[in-house]
Protein chains: 2
Amino acid sequence: MTADNPGIDLTMLHALADPNRVLIVELLRDGPLTVGEIAERLGLRQPQASKHLKVLNDSGVLEVKADANRRIYKLRPEPFQALDSWVKSFRHVMEDRFDNLEGYLRELQNKKTTTLEE
Amino acid sequence: MTADNPGIDLTMLHALADPNRVLIVELLRDGPLTVGEIAERLGLRQPQASKHLKVLNDSGVLEVKADANRRIYKLRPEPFQALDSWVKSFRHVMEDRFDNLEGYLRELQNKKTTTLEE
DNA sequence: TTAGAATATTCCTTGACAGGAATATTCGGT
DNA sequence: ACCGAATATTCCTGTCAAGGAATATTCTAA
């Protein structure tokens, strides 16, 4: 009865949870780029750039288009839409409507105590 | 001129990029819980639950309130607000307004011809 | 103070993964 | 067919982190 799968794609989160990869994603936010451009702007060596791009691509964050020698990478919209939906499912939390810790404490207390004096 | 830091907290992303921890976060979406409750509902052993909660807590995703023996964990709003802002910065991508690959290809072509002559 | 419940911490082992260096592949131009 | 540019892949190594098991800590109650 427990929902044992998260409501968000883990491979995407994992792909984003790396300094260089999140920088790549932010770079591509402003438009598609080739591997060389990405490597240059982030001060990465080309092989590392390719490797990170592979991870992002495998996770579905990116897509590639071949242009002769070059590969042009761009962001795919779907993962960000999915992430947006997921974050929105926390709107109650963000709006901070969850401060009734006191009520919860009282509930715990009731559960434990066997009806005292009345 | 290169923004060499991401616009989102990496420790938060790293904290979320784990199966059990993202499940914990989704559990707490519906309200604060104690360690024992979290461990039970996710089928985790208590030490693992505590360890994951520590990671989430250190990253600022959670906060704790002590209640005698127990620790009640709840989500903090700020990280999710920050994540929401970050995702929103990709609205162009989500709206798919970025399909002018052609224009980019032409730009590349120009770059090549102009840099050749000097 | 002792017992027991709830939680945290430590130690260990193992697998994943990032970076470096070198090499392989693919393509266009000549 | 060759060369050089752009990109991908492989191998190696060190580091980090997750899970298991055991133990330490903290608190309440009696």
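Which elements each supply at least two residues of the surface near DNA strand C? The answer draws on both protein chains: α4 of chain A, together with α3, α4 and β3 of chain B. A few notes from going through the model, which is a predicted one.

1. DNA strand C. There are 20 residues around this strand, and those that come nearest are A68(A), T34(B), G36(B), P47(B) and S50(B). Helix α4(B) gives the largest share of the surface, 6 residues. By class, the surface near DNA strand C splits into 6 nonpolar, 8 polar and 6 charged residues.

2. DNA strand D. Here too you'll find 20 surrounding residues, the closest being T34(A), G36(A), P47(A), S50(A) and R70(A). Two or more residues each come from α3 (35-42), α4 (46-58) and β3 (70-75) of chain A, and also from α4 (46-58) of chain B. This time α4(A) has the largest share, with 6 residues. The surface near DNA strand D holds 6 nonpolar, 8 polar and 6 charged residues.

3. The sheet in chain A. It is an open sheet of 3 strands in the order β1-β3-β2, with antiparallel pairing. β1 and β2 of chain A sit at the edges with a single partner strand each, so one side of each has no neighbour in the sheet. Helix α2(A) packs on this sheet and touches β1 and β3 of chain A, its direction making about 85° with that of β3(A).

4. Strand register in chain A. β1(A), residues 33-34, pairs with β3(A) in the antiparallel sense over 2 bridges, while 6 bridges join β2(A) to β3(A), again antiparallel. I72(A) is a handy landmark. In β3(A) this residue is the bridge partner of T34(A), and I72(A) is the bridge partner of K65(A) as well. Elsewhere in the β2(A) and β3(A) pairing, L62(A) stands opposite L75(A). Note that T34(A) also appears among the closest residues to DNA strand D.

5. The hairpin turn in chain A. The hairpin of β2(A) and β3(A) has 2 residues between the strands, and A68(A) lies in that loop. Worth a look: A68(A) has a positive phi of about 55° although it is not a glycine. Most residues other than glycine have a negative phi. What about the surroundings, buried or exposed? A68(A) is exposed, because 7 other C-beta atoms lie within 10 Å and the cut-off for exposed is 12 or fewer. Remember that A68(A) is also among the residues that come nearest to DNA strand C.

6. The hairpin in chain B. Strands β2 (residues 62-67) and β3 (residues 70-75) of chain B run antiparallel and are joined by 6 bridges. L62(B) has L75(B) as its bridge partner in β3(B). Between the strands are 2 residues, and A68(B) takes a positive phi near 55° in this hairpin. A68(B) is not a glycine either, and lies in the loop between β2 and β3 of chain B. With 8 C-beta neighbours inside 10 Å, A68(B) counts as exposed.

7. Helix packing in chain B. The axes of α2 (residues 19-28) and α3 (residues 35-42) of chain B come within 11 Å and cross at roughly 115°. The crossing of α2(B) past α3(B) is right-handed. On the α2(B) side the contact uses N20(B), L23(B), I24(B) and L27(B), and on the α3(B) side I38(B), R41(B) and L42(B). By class that contact has 5 nonpolar, 1 polar and 1 charged residue.

8. The interface between chains A and B. How many residues of chain A are in contact with chain B? There are 38, in contact with 38 residues of chain B. On the chain A side, at least two residues each come from α1 (10-16), α2 (19-28), β2, β3, α5 (77-88), α6 (91-94) and α7 (101-112). The largest share, 6 residues, belongs to α5(A). The side of chain A that touches chain B has 24 nonpolar, 6 polar and 8 charged residues.

Terms used: Residues are numbered from 1 along each chain as its sequence is written. Chains are lettered from A and ligands numbered from 1 in the order in which they are written. This is a predicted model: local features need pLDDT of at least 70, side-chain atom pairs count only at pLDDT 80 or more; totals for chains, interfaces and linings use all residues. A residue is near a molecule or strand if its C-beta atom, placed from the backbone, lies within 6 Å of it. Helices (H or I, at least four residues) and strands (E, at least two) are DSSP runs, numbered from the N terminus. Ala, Val, Leu, Ile, Met, Phe, Trp, Tyr, Cys and Pro count as nonpolar, Asp, Glu, Lys and Arg as charged, and the others, Gly among them, as polar. Two strands pair if DSSP finds at least two bridges between them. A residue is buried if 20 or more other C-beta atoms lie within 10 Å of its own, exposed if 12 or fewer, and partly exposed in between; C-beta atoms are placed from the backbone. Axes are lines fitted to C-alpha atoms, for helices over the stretch in contact, and angles run from 0 to 180 degrees between N-to-C directions. A crossing is left-handed if the near helix is turned anticlockwise from the far one by less than a right angle, and right-handed if clockwise. Two residues are in contact if their C-beta atoms, placed from the backbone, lie within 7 Å.
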